[in-house]
2 protein chains.
Amino acid sequence: MKITSRFTVAVHTLLAIHILGQQYKMTSELIASSVNVNPVIIRRTLQSLKAAGFVEVKAGSGGATLAKPLGEITLYDVYRAVDCVEGELFHFHENPNPDCPVGKNIHALLDKHLADAQLAMEQSLRSVTLADLAVEYSSIQ
Amino acid sequence: MKITSRFTVAVHTLLAIHILGQQYKMTSELIASSVNVNPVIIRRTLQSLKAAGFVEVKAGSGGATLAKPLGEITLYDVYRAVDCVEGELFHFHENPNPDCPVGKNIHALLDKHLADAQLAMEQSLRSVTLADLAVEYSSIQ
DNA sequence: TAAATTGTAATGTCAATAGTTACAATTAAA
DNA sequence: TTTAATTGTAACTATTGACATTACAATTTA
């Protein structure tokens, strides 16, 4: 099991728009060639990012631009925008036996700990903004 | 995307063996009726837990028993035993374009942050032992 | 009007999860 | 030593989600 690459594709897309956007018109085609996926994948990604208010996309004439400062977009925001994980990260077996003392209580016992683990992961994503990545990019170049 | 229910099934299984094991012979059939899945699912779970050294399973005569104190088994250990996540939690798009300055560097930029997030989740799982759950169970009863 | 591009539906492929049937091998008890 | 219960495991199916791809109407600008 892995969290879908829609997430890393979306981060890549936003960074590409930021970094290459001054020089090029950022069409789905161009972004797709940087990410190395089908342009339709990028168009769908852009729709998600647009719905979240992170980009604007021009139909017809083409090109995506940032609609929000990168410092106000965290990795968590992107993760939410592309809907990597619907609700709970951990899949709980559906119908533990309510007539068994263990089955009856397993949810009460586990739910909090699983939520804690998910929250820890998500907090970690919240601590990084795309502006941080842009700075790191500059220092590599 | 969700982390497979093999994980919660395995935790349920271990707790059931601990709690019901003094009173009943813990066959795959009995555990399956508590978890409410097919007994074969439990047999496969037990094989994973056995490989990790957490249980012993008697072929023929039947029944599973704990092979390690619950205080020495964390949620993380169970998570590893049933192989929920093979290596990386986040799926990275495979072949970013090395001829693009963004594609060339996206791994260097993101890998550490993704690993941090995964680690945060796993550390959280490490902080809970099955003995903790058993204590919580007692306090509910 | 022509050219480029987006938005989106439809379809296909692949892998993983989960469920199920089946049965040989094992063990303990009658 | 037979019988009954159970495990261990292979084989198969169904379902779902990810990702890829084709196609084309709608949009925009030149």
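This is a short tour of a predicted model, from DNA strand C to the contact between chains A and B.

Before you click, note that residues are numbered from 1 along each chain as its sequence is written, and chains are lettered from A in the order in which they are written. Local features need pLDDT of at least 70, side-chain atom pairs count only at pLDDT 80 or more, totals for chains, interfaces and linings use all residues, and side-chain values use heavy atoms, with hydrogens and water left out.

**Stop 1: the surface near DNA strand C**

Select DNA strand C. Then select the residues near it (those with a heavy atom within 4 Å). There are 29 residues around the strand, and A:S28, A:Q47, B:T4, B:S5 and B:G60 come nearest. Colour them by class. You will find 8 nonpolar, 13 polar and 8 charged residues. Here Ala, Val, Leu, Ile, Met, Phe, Trp, Tyr, Cys and Pro count as nonpolar, Asp, Glu, Lys and Arg as charged, and the others, Gly among them, as polar.

Next, pick α3 (39-51) in chain A and α3 (39-51) in chain B. Each supplies at least two residues of this surface. Helices are DSSP runs (H or I, at least four residues), numbered from the N terminus. Which element gives the most? It is α3(A), with 5 residues.

**Stop 2: atoms that meet the strand**

Look at the atoms of DNA strand C within 4 Å of the protein. Sugar or phosphate accounts for 60% of them, and bases for the rest.

Now zoom in on three residues. At B:T4, a polar side-chain atom lies 2.3 Å from a phosphate oxygen of strand C. At A:G60, a backbone N or O atom is 3.2 Å from a sugar or linking oxygen of the strand. At A:R44, a side-chain N or O atom is 3.5 Å from a base nitrogen.

**Stop 3: chain B against chain A**

Hide the DNA. Select the residues in contact (heavy atoms within 4.5 Å). Chain B gives 55 residues and chain A gives 55 residues. About 4900 Å² is buried between them, with 68% from carbon and sulfur atoms. Buried area is the accessible area (1.4 Å probe) that two parts lose on being put together, summed over both. Select B:M1, B:K2 and B:L109. They supply 15% of the area that chain B buries against chain A, more than any other three residues.

How many salt bridges link chain B and chain A? The count is 0. A salt bridge needs a side-chain nitrogen of Lys or Arg within 4 Å of a carboxyl oxygen of Asp or Glu.

Methods. Polar contact = N/O pair within 3.5 Å; in protein donor to acceptor, adjacent residues only side chain to side chain.
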